[in-house]
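Hello,

Here is the structure I promised to pass on, with my notes on what turned up in it. Have the sequence open beside the picture as you read.

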Amino acid sequence: MYGIDYTPATVPDPKKDGQEFYVSNPDAIIADSDVVFLNTCAQRLEKETQVELCVVALGSIGDADCFDFSYELFQRWGIGGKNKNTGVLMIFVLDSHDFRIMTGTGIEGVLTDALCSEIFRSLVPVFRAGDYGGGLCLGAMRIYEICTDGEAPEELKNMKSVTNRGKYAQMAADDDDDDDEDGWDLEGWILTFVVAFLIFLGIREKWLLRKKCPKCGKRTKLAKNEVKQNANYKHGGSGIYHYKCPKCGHEWSVPYTTPKLTVSSSSSSSSSSWSGSSYSSGSSGGSWGGGSTSGGGAGGKW
């Protein structure tokens, strides 16, 4: 359909165009106005929280597994600040109907697998309606709200793409009204919730922190998450992920840290910088911060 099956090595890096760019949209799958919104949202998120959000929309990745593709791309670009690892990758693939949110090791305590799964489920009807850019904008806004623990600022609310957010909220409300007219009762909602929750648990278990064995390359799941300290508004958190490969038996551990929770700032300064990453309006060429991931997040087929 698109003529190009991208590999992690051939996906255009938006940072080549400048430090203020966070979106790779080589097949023009999403509208320019949505790209502007996503860049603005990501710029503001990084300035306020040091979380580096990358959005990739591709026509095809061939027969590649979306998890493996996302993992390699995240590591290749080094999304998120070095030693902070507070990067987030949202990747959308049109022909295979894949979507995934992948998180850096330093943000997993805030943007948990469960929250990533919740975001994915909320975007499925938007993607199926054909509004791919609108869905990605909704996902970016939700990530912004979770990471800042606050409401979206007027700068983002007033942009075109968030108007779509209200449209879908109204569509959901209209659907609820129709259901009520058809006699949909509380018991029906409870049953639906229970079924959806059980499905979610199955999906979450399947994808929970899958990681490649450094010895044999087989993907494996997290064996144990040893939490040393939970993050709060005064300090960050820390812990150790323990892995054991089911194929070769190799065992290894990955220490991680999570940032302290922050409250949304109203700062509108034009530039700011941190160790390992920087943002500067109008710059020519740039790079990601050097972060890494252990495969946290969630996704699936829409």
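The protein chain folds into seven helices and twelve strands. Please keep in mind that this is a predicted model. Of the 302 residues in the chain, 48% are buried. About 14,200 Å² of the chain is exposed, and carbon and sulfur atoms supply 51% of that area. Taking contacts between residues at least 6 apart in sequence, 68% join residues at least 24 apart.

Let me begin with the inside. The largest nonpolar core holds 62 residues, and Phe99, Leu136 and Ile143 have the most contacts inside it. The elements giving two or more residues to this core are α1, β2 (52–58), α2, β3 (87–93), β4, α3 (113–128) and α4. Helix α4 gives the most, with nine residues. If you would like one residue to click on, try Ile143: leaving aside residues up to four places away in sequence, Ile143 touches Leu45, Leu53, Val88, Met90, Ile101, Leu111 and Ile119. Apart from this core lies another, of seven residues, including Cys213, Tyr241, Cys245 and Trp252.

Helix α4 itself is worth a look. It covers residues 132–148, 17 residues in total, and spans 24 Å from its first C-alpha to its last, close to the 24 Å expected at 1.5 Å a residue. Most of α4 is covered, with 15 of its 17 residues buried. Just after the helix, Asp149 takes a positive phi of about 50 degrees.

Now for the charged pairs. How many salt bridges does a search of the whole structure find? The search finds six.

One of them joins Arg44 to Glu48, with the closest N and O atoms 2.6 Å apart. These two residues sit four apart in helix α1 (residues 32–49), so about one helical turn separates them. An α-helix has 3.6 residues a turn, so residues three or four places apart point the same way. Both Arg44 and Glu48 are buried.

Helix α2 (residues 66–77) has a pair with the spacing of four residues too, about one turn of the helix: Arg76 and Glu72. Their side chains meet in a salt bridge at 3.7 Å, N to O. Are these two buried, exposed or partly exposed? Arg76 counts as partly exposed because its relative accessibility is 47%, and Glu72 is partly exposed as well, with a relative accessible area of 37%.

The next pair reaches across the sequence. Asp98 forms a salt bridge with Lys301, their closest N and O atoms being 3.1 Å apart. Asp98 belongs to strand β4 (residues 98–104) and Lys301 to strand β12 (residues 293–301), so the bridge ties together parts that are 203 residues apart in sequence. The backbone fits this picture: β4 and β12 run antiparallel and are joined by seven bridges, and Asp98 stands opposite Lys301 in β12. The two ends of the pair have unlike surroundings: Asp98 is buried, with a relative accessible area of 9%, whereas Lys301 counts as exposed at 54% relative accessibility. Strand β12 is mostly covered, with eight of its nine residues buried.

There is also a network of salt bridges, which links Glu118, Arg142 and Glu145.

Last, two backbone details in the loops. Which residue in the loop between α2 and β3 has a positive phi? Asn83 does, with a phi near 70 degrees, a positive value in a residue other than glycine. Asn83 is exposed, with a relative accessible area of 66%. In the loop between β3 and β4 you will find His97, whose phi is near 55 degrees, again positive in a residue other than glycine. His97 is partly exposed, with a relative accessible area of 34%.

If you have only a few minutes, I would start with the core around Phe99, Leu136 and Ile143, and then turn to the Asp98 and Lys301 salt bridge.

Best wishes

Notes: Residues numbered from 1 in each chain as written. Predicted model: local features only at pLDDT ≥ 70, side-chain atom pairs only at ≥ 80, totals over all residues. Heavy atoms only, no water. Salt bridge = Lys/Arg side-chain N within 4 Å of Asp/Glu carboxyl O. Buried < 20%, exposed > 50% of the residue type's maximum accessible area, 1.4 Å probe, protein only. Expected span 1.5 Å × (residues − 1). Contact = heavy atoms within 4.5 Å. Areas by Shrake-Rupley, 256 points an atom, 1.4 Å probe, with all protein chains shown as cover. Pairing = 2+ DSSP bridges. Core = buried A, V, L, I, M, F, W, Y, C linked by side-chain atoms within 4.5 Å.
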